[in-house]
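Let's take a walk through this structure together. Have the sequence and the 3D view side by side, and follow along from one stop to the next.

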Amino acid sequence: MATGAASMKTRAWNALMAGDLGKTEYLLDRWHPKSKAEARERSHYRAKVMQYGGRWDVAVKILRGAEVEWGTHIGLRCDIIASLYMLKDFYGWEEAARELIQDYPAIAPSLSPIARVRTDIFIGKLLEELGDAAAACQHYEAFSRLSGIDASDKMVAQAQALRLRAFFGLSRLLSIHYRRLVSYEEEWGAHKLTFEVLHGLMHAEMSLLGLEHGFARLKRVLSMESLSDAEKNLVYFDFLEEALRRNWGASQITALEELRPKGSLTQFEIWVE
């Protein structure tokens, strides 16, 4: 059994993932770091408590303080960018995002496999939010071809590229990505696919097969209990936007309205949370 700092770190993380912010702070107060890296990580956890509590301004202050005291780190930079976005500080967000995108090729080789996966997807999301769909597609596709990346992570990257190619009418490789992801669905079953893959499949089916096929996919996705309300909102409003753009019939729009889930978040907000 883990003891000391390692045990406290694990318990704090588990409490954070359970949404128990009070317990997380209690455990962080009792975590005594043994190195600069652990001290930076503890500060990062404190910032995450603020993020989970919606106190994005405090999170930025803690994260930037950690950079000054313990040195910059890819995780700190990503969470600063996410917090600035949620604060609607779009000037600061764009500046930090572009700096990270520029620096990332030199940073990526030093990351652990798990950190590489999360950060590569995050970089793709930044490119999307900056309005460069083609660059985001190229980034996701390059990531999916890397050696040493788990098959499920490659599938998520392919799904992101598929969604973008379908949504922005970038037809090259669209049918290839679609057939590849459908083969995963046939092999594993839809219930084992991530939201990103299901979302990408819906966009591709709207583009390649028509709105009726996309609507059938939407209904299946909205019925999945494993997905959050935020995820269901995202896929619903993406479909609604495309249906309205294509002047779908009034009776069909009415049927679509009956499926409307609760609340609403943007894709980047879902990723940040």
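A good place to begin is Tyr 85, whose relative accessible area of 11% falls under the 20% limit, so this residue counts as buried. Keep in mind along the way that this is a predicted model. Now turn to Phe 90: its relative accessible area is 42%, which means that Phe 90 is partly exposed.

Other aromatic residues deserve a look too. Across the whole structure, a search turns up ten aromatic pairs. Take Trp 31 and Tyr 45: their ring centres lie 5.5 Å apart and their planes stand at 65 degrees, so this pair is edge-to-face. Where along the chain do Trp 31 and Tyr 45 sit? Trp 31 is in the loop between helix H2 (21-29) and H3, while Tyr 45 belongs to helix H3, 14 residues apart, so the pair links distant parts of the chain. Both Trp 31 and Tyr 45 are buried. Our starting residues form a pair as well: the rings of Tyr 85 and Phe 90 have centres 5.8 Å apart and planes at 75 degrees, so they too are edge-to-face. Back at Trp 31 and Tyr 45, ring pairs join these two with Trp 13 in a cluster.

From Tyr 45 we can move on to the packing of its helix. H3 (residues 36-52) packs against H4 (residues 56-70) with the axes 7 Å apart and at an angle of about 170 degrees. An angle over 145 degrees counts as roughly antiparallel, and that is why H3 and H4 are described this way. On the H3 side, the contact includes Ala 39, Ser 43, Ala 47 and Met 50, and among their partners in H4 are Val 58, Ile 62, Leu 63 and Trp 70. Sorted by class, the H3 and H4 contact holds ten nonpolar, three polar and three charged residues.

H4 also meets H5 (residues 74-86), and here the axes come within 9 Å and cross at roughly 155 degrees. H4 and H5 are therefore roughly antiparallel to each other. The crossing of H4 with H5 is left-handed. H4 brings residues including Trp 56, Val 60, Leu 63 and Glu 67 to this contact, and H5 brings Leu 76, Arg 77, Ile 80 and Leu 84, among others. What is the make-up of the contact of H4 with H5 by class? Its residues divide into nine nonpolar, one polar and four charged.

Technical notes. Residues numbered from 1 in each chain as written. Predicted model: local features only at pLDDT ≥ 70, side-chain atom pairs only at ≥ 80, totals over all residues. Heavy atoms only, no water. Axes fitted to C-alpha atoms, helices over the stretch in contact; angles between N-to-C directions. Helix = DSSP H or I, 4+ residues; strand = E, 2+ residues; numbered from the N terminus. Parallel < 35°, antiparallel > 145°, perpendicular 65-115°, else oblique. Contact = heavy atoms within 4.5 Å. Nonpolar A, V, L, I, M, F, W, Y, C, P; charged D, E, K, R; others polar. Left-handed = near helix turned anticlockwise from the far one by under 90°. Phe/Tyr/Trp six-rings, centres within 6.5 Å; stacked < 30°, edge-to-face > 60°. Buried < 20%, exposed > 50% of the residue type's maximum accessible area, 1.4 Å probe, protein only.
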